[in-house]
Amino acid sequence: MQEADFFQLSTSTALLLLVGFYGLTFLLSLAIGKKKENVDGYMVSNNAVGFGLSAASMIATWIWAASFYASATSGYRYGLSGPLHYGLWGALMILFIYPYGRRFRQLAPKAHTLAEVVQARHGTSSQLIMAVSNLIGSCISLMVNFTAAGALVSILSPLSFIQGVLIAGLGVLSYTLWSGFRASVMTDFAQLIAMILAAVVIIPLIFFNAGGTDMLMANLGSLSAEQGDFFSTTAILEQGAPYFVAVLAYAIGNQTIAQRLFAVREDLIKSTFLTATIGYGAVVIGLGMLGLLALLVGLEPHGGDMNNIIPQMASTYLPPFGIALFFILVVGSLSSTADSDLSALSAIMMTDVYGKNLARGKPDPKRMLWWGRATMVVATMLGVIFASLRLDILVMLVFVGALWGAIVFPVIVSFYWDRVTNKAFTSAVIAAVLLFTTARFELLPLEGAVAVFFELCASMGMGVVIGLMTFAFFNRKIAIALGVLVAFGSMPFVVGFLRDYAVLLSSLTAYGVSAVVCVAISLRSKERFDFDVLAERVTSFHQDEKAAAAKHGVVLNGGPAAANA
């Protein structure tokens, strides 16, 4: 097997690349800055972002540092089908969200966060479930990206891990703080161009320098039967299916995605998400192939850490200018997601914490901006501190993923079925999270009647996942019929089998339990919700500011307040 040392850029080169990248990004953000910032522009660009910027921002946000490492690890571990299982399912989840996204925008065209719409539909408790899950998820994502920056810098330059974390944290904060989401979208476009150009150069260079097609043909026979099978059962059960379920929850529950959904022009939602689906899949599957190449050439991950596969391949098979491009590729990917996390955190604090709760529905736009910017500063500080500690965040990631899995069904159904109540929503999420935790951490031994119970819940979860996927593109009757067929048809195959795959079992349990509890409680309700009131309850804060000024006869934006009333 091959053991390779890492090639390191000089300190001056590494600093030049980092300062140059973040400096140019900062200058770009200055070009779009406004002397008097608008809160709706700061959070969702006034719901009017065009096709190119929206599609680029979606791709750049969905591709983060962990995507590189996880996709390559999948290729290294599972062979031919590994990168496909990571890139394809992630891409399909972008495609999956747009039909539901159009429904959310239709009901609440001026929304800033999904939690804000949930609050208008159900109330404060449901809103806080959404908001808190997103706060935790975005903080963890920020920490992961800063950690990846520190690891990259420490591996490929003489700079230390802590120095890499600090540079990334300050760099991302510098260009996101003033203009918020608008800065994130504009810089995402530039960062995506840089990432694509780097990937187009890097992947072919590594392939040909590693031996090209001759190496490929000579070493394919060294793969195991499972690694050489495009339809590997092991890859499906251990990688494909769990990831499929996880990213389905991510697509619905994550504020960084919802924020772009509410920002893009409503008539461009479909084209934006279709383009993002193709773009994400192409880049991530391509990067995952580096893991497959590492497997074929017999590369041993440095220190046994799978996250070193891509840096090691770059060090071994790229010339110095190629390593510099790779450096920018990873820095761009983690920065595009980190700035999205900062924008998401600020929007949640501005809208769901201050606007809807602390201000009791009467927010001061100037104070809202203060909340948003203060949130970014505090979040960056916390991200740097926790990244510097190199904490094991796997348990936290799994828990947040479960929470998002538990909310998928109640969130979607709440905007189609008028009988879903606040009690049904909150009870479904709480029950699902409790049972997920029990199964995932095996608080009860997964054997006998207990294992059968969870396997039956997971079967229901399979039906829910398939039903929701079907409902996105077909009518309700087909979705329900297919979901029920999968749920009950899978039971004979799942019982006695799925208990050996705790991650998949617990994730599907969250879907199944949340759906059963939500439907059961909703069927007992006699309430009916009028969806037309959502647009009245969820309005732009800029309009509220104009209305308040009009009552006092204040001139706003250069014109009579009365004219804006």
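Arg121 counts as buried, because its relative accessibility is 5%. This residue sits in helix α6. The structure is a predicted model, and the values below are computed from it. Although 412 residues separate Arg121 from Val533 along the chain, the C-alpha atoms of the two are 8.8 Å apart.

A second pair of this kind involves Thr61 and Ala338. Thr61 belongs to helix α3, which covers residues 51-62. With a relative accessibility of 3%, Thr61 is buried, since buried means under 20% relative accessible area. In sequence, Thr61 and Ala338 are 277 residues apart, while their C-alpha atoms are 8.4 Å apart in space.

Next come the contacts between charged side chains. The whole structure contains four salt bridges. One of them joins Glu116 and Lys356, with a distance of 4.0 Å from N to O. Glu116 is in helix α6 (residues 114-121) and Lys356 is in helix α15 (residues 320-358), so this salt bridge ties together parts of the chain that are 240 residues apart in sequence. The two partners differ in how they are covered. Glu116 is buried because its relative accessibility is 0%, whereas Lys356, at 22%, counts as partly exposed.

Another salt bridge is formed by the side chains of Asp188 and Arg260, at 3.3 Å from N to O. This pair also links distant parts of the chain: Asp188 is in helix α9 (residues 181-209), Arg260 is in helix α12 (residues 255-263), and their positions lie 72 residues apart in the numbering. How accessible are Asp188 and Arg260? Asp188 has a relative accessibility of 0% and therefore counts as buried. Arg260 has a relative accessibility of 4%, so Arg260 counts as buried too.

A further salt bridge connects Arg499 with Glu455, and here the N to O distance is 2.9 Å. Arg499 is in the loop between α21 (491-494) and α22 (502-523), while Glu455 is in helix α19 (residues 448-473); the two are 44 residues apart, and the pair links distant parts of the chain. Arg499 counts as partly exposed because its relative accessibility is 22%. Glu455 has a relative accessible area of 0% and is therefore buried.

The helices can also be looked at as pairs. Two packed helices are described by the distance between their axes and by the angle between those axes. Helix α7 (residues 124-156) and α16 have axes that come within 8 Å and cross at roughly 55°. That angle makes α7 oblique to α16. The crossing of these two helices, α7 and α16, is right-handed.

Helix α7 has another partner in α15, the helix that holds Lys356. The axes of α7 and α15 come within 9 Å, and their crossing angle is roughly 155°. Angles over 145 degrees count as roughly antiparallel, and α7 and α15 are therefore roughly antiparallel to each other. The crossing of α7 and α15 is left-handed.

What angle do the axes of helix α13 and helix α14 make? Helix α13 (residues 269-297) and helix α14 (residues 309-317) cross at roughly 70°, with axes that come within 10 Å. This makes α13 roughly perpendicular to α14. The crossing of α13 and α14 is left-handed.

Helix α16 leads on to the surface. Val377, Val378, Met381, Leu382, Ile385, Phe386 and Leu389 make a nonpolar surface patch of about 600 Å². Among them, Phe386 is found in helix α16, which runs over residues 365-389. Phe386 is partly exposed because its relative accessible area is 35%.

The last stop is a detail of the backbone. Most residues other than glycine have a negative phi. Glu442 is not a glycine, yet its phi is positive, at about 50°. Glu442 is in the loop between α18 (422-440) and α19. With a relative accessible area of 47%, Glu442 is partly exposed.

Notes: Residues are numbered from 1 along each chain as its sequence is written. This is a predicted model: local features need pLDDT of at least 70, side-chain atom pairs count only at pLDDT 80 or more; totals for chains, interfaces and linings use all residues. Side-chain values use heavy atoms; hydrogens and water are left out. Patches are made of residues with over 30% relative accessible area and no salt bridge: like charges are joined within 9 Å, nonpolar side chains (Val, Leu, Ile, Met, Phe, Trp, Tyr) within 5 Å. Accessible areas come from the Shrake-Rupley method with a 1.4 Å probe; for residues, only the protein chains shown count as cover. Helices (H or I, at least four residues) and strands (E, at least two) are DSSP runs, numbered from the N terminus. Buried means under 20% relative accessible area, exposed over 50%, partly exposed in between (1.4 Å probe, protein chains only). Axes are lines fitted to C-alpha atoms, for helices over the stretch in contact, and angles run from 0 to 180 degrees between N-to-C directions. Angles under 35 degrees count as roughly parallel, over 145 as roughly antiparallel, 65 to 115 as roughly perpendicular and the rest as oblique. A crossing is left-handed if the near helix is turned anticlockwise from the far one by less than a right angle, and right-handed if clockwise.
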